Amino acid sequence: MTATTDAPVRVARPRRAKGDGQWALGYREPLNANEQSKKDDNPLNVRARIENIYAHGGFDSIDKADLRGRFRWWGLYTQRKPGIDGGKTATLEPEELEDSFFMLRVRIDGGQLDLRQLRTIAGISTEFGRDTADLTDRQNVQYHWIRVEDMPEIWDRLESVGLSTQEACGDCPRVILGSPVAGIASDEIIDGTWAVQEIERRYIGDPELSNLPRKFKTAISGHPSHDVVPQINDVAFTGVVHPDHGPGFDLLVGGGLSTNPMLAQRLGAWVPLEEIPEVWHGIASVFRDYGYRRLRTRARIKFLIADWGPEKFRDVLENEYLRRKLVDGPEAPAPRTPGDHVGVHRQVDGSYYVGVAPKVGRVTGTILSRLADVVEAHGSNRIRTTAQQKLLVLDVAPDKVDSLVAELAAIGLEADPSPWRRNTMACTGIEFCKLAIVDTKNRADLLIDEMQRRIPELDEPITVNVNGCPNSCARIQTADIGLKGQLVLDGGRQVEGFQVHLGGALGLTPGFGRKLRAHKVTAEALPDYVERVVRGYLDHRRDDESFAEWVSRADEEQLR
């Protein structure tokens with residue numbers, strides 16, 4: 001017979017949910033080093049130290065919390081030390097990876113430049129940046145080889161012509177994308193330029209918005225071509241006509257790529273032009289107060305939207321921040337694919353604009369200076385950058401178009417590029433970026449040359465986006481062929497290569513590319529692979545079927 005005793009029953013207490021660092025819920029104490037750094041000192045204050053201390057003491061005088069944190073709020077990142085291969089990217093400490101030179105971003109809100117600004121950008125490149133001046137897919141210009149000693153002079157020159165590097169990087173409102181054909185396109189729904197400029201004037205540099213949980217990307221365009229890729233921005237205002245109120249903007253929130261890609265969601269609201277700055281400020285404030293600050297990997301606004309849903313987000317925005325209801329509105333119509341404005345196009349005033357394609361956004365100060373000369377000689381004073389690493393020249397008289405196109409081509413800026421050149425994009429890559437694993441710009445350049453030679457007859461645009469790491473600065477998940485850099489095994493040794501994403505798209509049928517299980521391509525084999533998969537599409541497509549549509553139904557073996 002077995003004796004038993006009655007033991008007390010322990011009731012498990014419900015575990016208290018761990019806070020996500022949301023200020024509005026009372027979590028004001030920093031939960032990670034980045035949050036602590038921002039609390040210790042507003043990052044905007046670092047400019048005074050750069051001008052008064054670091055520019056005189058040089059690189060070795062820079063406080064590390066400023067160097068690897070607050071410098072970003074003024075557009076500065078340390079660049080990668082030459083000669084460090086991609087295998088060491090994740091294993092070396094920051095001080096082992098970084099050079100004593102900087103990458104510097106010049107924010108160009110709305111992509112709008114005049115000749116004086118263009119010449120200033122070109123001059124800084126040649127004098128201080130070893131002739132580097134890449135065009136980014138955020139309408140910025142990006143320099144390399146910048147010394148901290150030169151920053152006061154660089155700021156003086158930029159600001160004398162109305163340009164800035166303030167909040168070009170960091171946990172703050174980044175450059176505001178705007179349609180490069182705002183105010184001139186004959187098919188534009190509404191010109192959003194005033195809103196772009198007003199947000200910049202009111203809020204860029206505002207200490208109340210300089211400490212957001214993470215970066216905050218904005219797109220505003222009244223052009224029907226979705227030329228600012230609104231579906232992958234944190235907040236986007238896209239032109240649409242309301243049946244009762246006329247032209248205005250559809251409102252989307254919560255887009256973004258990187259390692260957890262999400263498409264922006266409609267709030268179901270219609271916003272008139274004059275209300276955009278107020279609504280934008282409300283959304284940024286919701287993000288500031290309710291955004292997740294505990295984990296950097298969950299700190300973008302897309303995660304808040306994913307958890308709350310658009311209905312709750314709109315309710316909080318209206319009731320707690322705007323103190324009024326927004327007008328319900330229709331969805332903005334989407335094009336089959338986003339527009340890039342390359343080529344010759346008639347403006348609403350009878351003049352023309354000309355869009356040209358550098359190779360994967362790579363230009364130089366020398367090229368930009370020659371561009372300024374060509375533009376001026378043809379009677380224009382307006383240049384635009386785009387969200388596709390392209391350039392536009394506005395206000396060209398009809399009788400000067402042919403001459404302009406020819407002179408632009410002579411400096412490497414083509415208005416009638418091959419589909420391969422027009423539709424290939426690349427991030428900075430291992431040449432300068434501390435996060436990168438592989439080369440991108442040079443690899444993409446070579447790929448364009450090979451594809452132009454191998455498949456010159458391509459008659460359907462196929463986008464090829466090349467990225468040096470998983471962070472998707474080149475938007476790999478939304479490309480027809482997205483290439484994510486990584487090291488792969490080839491004959492038992494590690495070499496540069498790519499994980500392939502196929503069939504991504506934005507526009508009418510947005511979606512993220514299909515990843516093939518365990519499928520990697522070495523950098524050397526990349527031209528053969530791209531040729532093989534594109535020829536498969538050309539041979540097996542149905543009438544009017546896009547590459548993305550074909551990929552969605554193709555057998556996996558056809559895609560390898």
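## Two residues with positive phi

Let's start with E167, which is buried: its relative accessible area is 0%. This is a predicted model, and in it E167 sits in the loop between α6 (151–160) and β6 (173–178). What is worth a look here is the backbone: E167 has a positive phi of about 55 degrees, even though it is not a glycine.

S472 has a story of its own. Its phi is positive too, at about 65 degrees, and S472 is not a glycine either. You'll find S472 in the loop between β17 (464–467) and β18 (481–490). With a relative accessible area of 5%, S472 counts as buried, because the cut-off for that is under 20%.

## Helix α8 and its partner α10

Next up is helix α8, which covers residues 276–290. Its 15 residues should span 21 Å at 1.5 Å a residue, and the C-alpha atoms at its ends are indeed 21 Å apart, so the two values agree. Of those 15 residues, 13 are buried, so α8 is largely enclosed by the rest of the structure.

One helix to look at beside α8 is α10 (residues 310–322): the two axes come within 10 Å and cross at roughly 105 degrees. That angle falls in the range from 65 to 115 degrees, so α8 counts as roughly perpendicular to α10. On the α8 side, the contact is made by E278, V279, G282, I283, S285, V286, D289 and Y290. On the α10 side, F313, V316, L317, E320, Y321 and L322 take part. Sorted by class, the residues of this contact come out as nine nonpolar, two polar and three charged.

## Helices α11 and α12

Now for another pair. Helix α11 (residues 365–377) packs with helix α12 (residues 401–410) at an angle of about 170 degrees, and their axes are 10 Å apart. Angles over 145 degrees count as roughly antiparallel, so that is how α11 lies with respect to α12. The crossing of α11 past α12 is right-handed.

Who makes the contact? R370, L371 and V374 do so from α11, while L404, E407, L408 and A410 do so from α12. By class, this contact of α11 with α12 has five nonpolar residues, two charged ones and no polar ones.

## V106, inside a strand

V106 belongs to strand β2 (residues 98–106). Is V106 buried or exposed? Its relative accessibility is 0%, so V106 counts as buried. Leaving out neighbours within four places in sequence, V106 is in contact with N140, V141, Y143, L158, L163, S164 and T165.

For a sense of distance, take P230: V106 and P230 are 124 residues apart in sequence, and their C-alpha atoms are 21 Å apart in space.

## R130, out in a loop

R130 is found in the loop between α5 (115–128) and β4 (134–135). Its relative accessible area is 52%, and the cut-off for exposed is over 50%, so R130 counts as exposed. Which residues does R130 touch, not counting those up to four places away in sequence? They are F101, S125 and W145.

R130 can also be set against D539: the two are 409 residues apart in sequence and 46 Å apart in space, going from C-alpha to C-alpha.

How values were computed: Residues numbered from 1 in each chain as written. Predicted model: local features only at pLDDT ≥ 70, side-chain atom pairs only at ≥ 80, totals over all residues. Heavy atoms only, no water. Helix = DSSP H or I, 4+ residues; strand = E, 2+ residues; numbered from the N terminus. Expected span 1.5 Å × (residues − 1). Buried < 20%, exposed > 50% of the residue type's maximum accessible area, 1.4 Å probe, protein only. Axes fitted to C-alpha atoms, helices over the stretch in contact; angles between N-to-C directions. Parallel < 35°, antiparallel > 145°, perpendicular 65-115°, else oblique. Left-handed = near helix turned anticlockwise from the far one by under 90°. Contact = heavy atoms within 4.5 Å. Nonpolar A, V, L, I, M, F, W, Y, C, P; charged D, E, K, R; others polar.
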